[in-house]
Amino acid sequence: MTGNEYGALAERSLHEAHRAIFDDYCDYVYAIAFNRLRNTGTREDIEECVSDIFADIYQIFDEEKTDSGDIKILIGTVAKRRSIDFYRMLNAKKRKTVFLENEEIVSDTDIEEDNDRNELRNAMLSEINNLGEPDSTILILKYYYNRTSEEIAKKLSMTAVSVRKRCERAMKKLRSRFEQLDIDMRR
C-alpha cells in the first residue's frame with residue numbers, strides 16, 4: 001500500500017484505512033517486535049508493543065497526511081523504534097548499574113550478594129560434612145531435599161524418632177560451630 005492509496009481509503013473511511021494497514025502489515029510489525037522482545041518480554045508484552053506501534057502509525061498518518069511512496073519503510077521505522085523503547089522499559093525494571101572508574105557495568109544480579117550466599121552455602125556444607133555420618137546425610141536430606149523424618153528413616157534404616165533426635169543434636173552442634181566462626185545462619 002502506498003501513501004496515496006492510504007489517503008484515498010482514509011477519505012472514504014478512516015476505520016477501513018486503519019484496518020487495511022493492520023491487515024497488510026500486522027505480521028511485519030509483529031516480527032519486528034518479536035525479534036526485539038523475545039528474550040526480555042512475555043507474549044503479552046509483545047502484543048502490547050504491537051498495539052502501541054499501530055497506534056503510533058495511525059497517529060502519524062492521520063496527522064501528517066502522508067501522500068506518496070511506499071509506507072512500509074515508515075511502518076518498519078516506527079516498529080523498530082517503538083520496540084527498542086519497549087525493550088528499554090522492560091529492562092529498566094530488571095537492571096542495576098555499577099560504575100567502576102568511568103566504565104559502566106550493567107547487570108541484573110548483585111554479584112556481592114551472590115558471592116556472600118555462595119560462601120555461606122559452602123561453609124554450611126563443609127560444616128555439615130564435618131559432622132560425619134549419618135548426621136550429615138540426615139541434615140542434607142531434611143534441609144536441602146525437604147524429606148520428612150519418616151522418609152529419611154526408611155532410607156537410612158532408622159526409626160523416625162532417632163532421625164529427629166539426631167537432627168536436633170546435629171543442628172545444636174552446627175549452631176555452636178557457626179557461633180564460634182561468627183557466621184549468621186539466618187541469612
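Trainee: Why does Arg-82 count as partly exposed?

Mentor: Arg-82 has 26% relative accessibility, and that falls between the two cut-offs, so partly exposed it is (buried is under 20% relative accessible area, exposed is over 50%, partly exposed in between, with a 1.4 Å probe and protein chains only). Bear in mind that this is a predicted model, where local features need pLDDT of at least 70, side-chain atom pairs count only at pLDDT 80 or more, and totals for chains, interfaces and linings use all residues. Residues are numbered from 1 along each chain as its sequence is written, and side-chain values use heavy atoms, without hydrogens and water.

Trainee: What makes Arg-82 and Asp-56 a salt bridge?

Mentor: Their closest N and O atoms are 2.8 Å apart, which meets the rule (a side-chain nitrogen of Lys or Arg within 4 Å of a carboxyl oxygen of Asp or Glu). Arg-82 is in helix 4 (residues 72-92) and Asp-56 in helix 3, so this pair ties together parts 26 residues apart in sequence. Helices here are DSSP runs (H or I, at least four residues; strands are E, at least two), numbered from the N terminus. The structure holds 7 salt bridges.

Trainee: Which helices does the pair of Arg-177 and Glu-127 link?

Mentor: Arg-177 and Glu-127 meet in a salt bridge at 3.2 Å, N to O. That links helix 8 (residues 160-181), home of Arg-177, to helix 5 (residues 111-130), home of Glu-127, 50 residues apart. The partners differ in exposure: Glu-127, at 12%, is buried, while Arg-177, at 33%, is partly exposed.

Trainee: How far apart are the closest N and O atoms of Lys-165 and Glu-168?

Mentor: They are 3.9 Å apart, and Lys-165 and Glu-168 do form a salt bridge. Lys-165 and Glu-168 are 3 residues apart in helix 8, about one helical turn. Lys-165 is partly exposed at 38%, and Glu-168 is too at 41%.

Trainee: On to the rings. How many aromatic pairs are there?

Mentor: The count comes to 3 aromatic pairs. Tyr-30 and Phe-34 are one of them, at 6.3 Å centre to centre with 15 degrees between the planes, and that makes the pair stacked. The rule: rings of Phe, Tyr and Trp (its six-membered ring) pair with centres within 6.5 Å; planes under 30 degrees apart are stacked, over 60 edge-to-face, the rest tilted. Both residues, Tyr-30 and Phe-34, sit in helix 2 (residues 14-37), 4 residues apart.

Trainee: Why is the pair of Phe-54 and Tyr-58 called tilted?

Mentor: Their planes are at 40 degrees, with centres 6.0 Å apart, so tilted is the word. Phe-54 and Tyr-58 are both buried and lie 4 residues apart in helix 3 (residues 43-64). Together with Phe-22 they form one aromatic cluster.

Trainee: What makes Lys-72 lie over the face of Tyr-28?

Mentor: Lys-72 is 4.9 Å from the ring centre of Tyr-28. The test asks for NZ of Lys or CZ of Arg within 6 Å of the ring centre and within 35 degrees of the ring normal.

Trainee: Which residues of helix 7 are buried?

Mentor: In helix 7 (residues 149-156), they are Ser-149, Ile-152 and Ala-153. They fall within an arc of 100 degrees seen down the axis, so they line one face of helix 7; the arc is that of the directions from the helix axis to the C-beta atoms. Lys-154 and Lys-155, on the other side of helix 7, are exposed.
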